Amino acid sequence: MKKKFSLLMAVLMLAMLLSACGGDKSVGGAGGESSAPADASAPADSGNSGGSGDSAVAQDTNTVAVGAVVIARDDVPEDDIYALTSAIFENIPTITEQHAKGGELDLDFASSVTSVPYHPGAAKYFAEKGKEVAAVKEGAGSGDSKALTFGTGGESGTYYAFGGVLSSYGSNNTSVSVTAVTSGGSKANIEDLAAGDIQLGFVQSDVMSYAFNGERLFDAKVENFSVVAALYMEQVQIVTTNPDIKSVADLAGKSVSIGDRGSGVWFNAVDVLGAYDIDPDSGISPVYQGFGDSADSLKDKKIDAAFVVAGAPTTAIVDLATSGPVYLVSLDEEHTNALLESSPYYSAYTIPAGTY
């Protein structure tokens, strides 16, 4: 009897010891002011341990963002753009059922672009809703109706998925035929649209501004397009698997993927690093990769961090988080304000805790 009692006590002591060892394993944030570690193996709104064996305390991430904008060739008829714009913004709940980004559609934001004039068809719709746009493109909207091709982005990106939903909805609920196609993203869409290969395209608002003014990515002005609507924000996300990288300043001397050279992401990285007086060529060890390759390099520990510019949650980051804790690095208020002053096409943005 004494042996059984002693054995029982030993088991109870062992259980208590194991419980004590398995206490709080939460990992601190990786942002200067705040950060949002991601672990896709746990529920998005939870800090529970996932398949990696670690957990992370979700925090808000302070960053900057650009708009995801739909543009159209000026020769697309006014009635066609009016019909498409109306179909989208009159049916937001139905579109949201097909893609979560539909929930971010908002008339105020949609009509807020100031750097490029609006297509007359879109301006007409927004005016009917009491939203006056900053400028309307003169002479646009007078072409002949025809089937429209919509340049989106890569197959794994938000542009293609959401663009496909908008195209299908427009085709099925208006007299306008729209077909979404994959593309090389913002710059490629502007070039293809200028050449007449597509009639609609997704673009980052900053890249759109570069094109219209003949700056940075563009040697000459591209002016044969106008705005349909701004749809949602694309956040500049600085991703790392190293919890010791707690601010943008900590990127100095590190191996960092900053997007393909000359891409929209590359310029976003140049702007953010520049706000912290970090030269993208000499202040870091730059790696020029797209989202997917950056995620693979982070997973294999080949790089320390990567810039990803896309609507959060972003598939590449979610997939990366299945292999272990992932952190988003915040921008502090001082450097954010300096960036907004020098580059007004950015907006301050907070990625809420629980996004990943």
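Visitor: Which residues point one way from E10, and are they buried or exposed?
Guide: This is a predicted model. In strand E10, Ala306, Val308 and Ala310 point to one side. The other side is taken by a second set, and both sets are buried. That second set is Ala305, Phe307 and Val309.

Visitor: How many residues of strand E10 are buried?
Guide: Strand E10 spans residues 305-310. The strand is mostly covered. Buried here means under 20% relative accessible area. The count is six of its six residues.

Visitor: Which residue stands opposite Val308 in E10?
Guide: Strand E7 covers residues 225-240. E7 and E10 run antiparallel and are joined by six bridges. Opposite Val308 stands Gln237.

Visitor: In which sense do E8 and E10 pair, parallel or antiparallel?
Guide: Strand E8 holds residues 255-257. Val256 stands opposite Ala305 in E10. Two bridges link E8 and E10, and the sense is parallel.

Visitor: How many salt bridges does the structure hold?
Guide: One of them joins Glu104 and Lys101. Another joins Asp108 and Lys131. The structure's total is eight.

Visitor: What is the distance between the closest N and O atoms of Glu104 and Lys101?
Guide: Glu104 is partly exposed, because its relative accessible area is 30%. Lys101 has 6%, so Lys101 is buried. The two form a salt bridge, with the closest N and O atoms apart by 2.8 Å.

Visitor: How many residues apart in sequence are the parts that Asp108 and Lys131 tie together?
Guide: The side chains of Asp108 and Lys131 meet in a salt bridge at 2.6 Å, N to O. Asp108 lies in helix H4, residues 107-110, whereas Lys131 lies in the loop between helix H5 and strand E4. So the pair ties together parts whose separation in sequence is 23 residues.

Visitor: Is Arg261 buried or exposed?
Guide: Arg261 forms a salt bridge with Asp281, the closest N and O atoms being 3.8 Å apart. Arg261 lies in the loop between E8 and H9, and Asp281 in the loop between helix H9 and strand E9, so the pair ties together parts that are 20 residues apart in sequence. Asp281, at 47% relative accessibility, is partly exposed. Arg261 has a relative accessible area of 52%, so Arg261 counts as exposed.

Visitor: Which residues form a negative surface patch with Asp296?
Guide: Asp296 sits in helix H10, residues 291-299. Asp296 is partly exposed, because its relative accessibility is 44%. A patch residue needs over 30%. The patch joins Asp296 with Asp260, Asp293 and Asp300.

Visitor: Which peptide bond is cis, with omega near 0 degrees?
Guide: Most peptide bonds are trans. Pro313 lies in the loop between E10 and helix H11. The cis bond, with omega near 0 degrees, runs from Ala312 to Pro313.

Visitor: What is the phi of Arg216?
Guide: Most residues other than glycine have a negative phi. Arg216 is found in the loop between helix H8 and E7. Arg216 is partly exposed, because its relative accessible area is 38%. Its phi is positive, near 50 degrees.

Visitor: Is Asp277 buried or exposed?
Guide: Asp277 is in the loop between H9 and E9. Asp277 has a positive phi of about 60 degrees although it is not a glycine. The relative accessible area of Asp277 is 75%, so Asp277 is exposed.

Terms used
Residues numbered from 1 in each chain as written. Predicted model: local features only at pLDDT ≥ 70, side-chain atom pairs only at ≥ 80, totals over all residues. Heavy atoms only, no water. Patch = residues over 30% accessible without salt bridge, like charges linked within 9 Å, V, L, I, M, F, W, Y side chains within 5 Å. Areas by Shrake-Rupley, 256 points an atom, 1.4 Å probe, with all protein chains shown as cover. Salt bridge = Lys/Arg side-chain N within 4 Å of Asp/Glu carboxyl O. Lys, Arg positive; Asp, Glu negative; His and termini not counted. Charge placed at Lys NZ, Arg CZ, Asp CG, Glu CD. Helix = DSSP H or I, 4+ residues; strand = E, 2+ residues; numbered from the N terminus. Buried < 20%, exposed > 50% of the residue type's maximum accessible area, 1.4 Å probe, protein only. Pairing = 2+ DSSP bridges.
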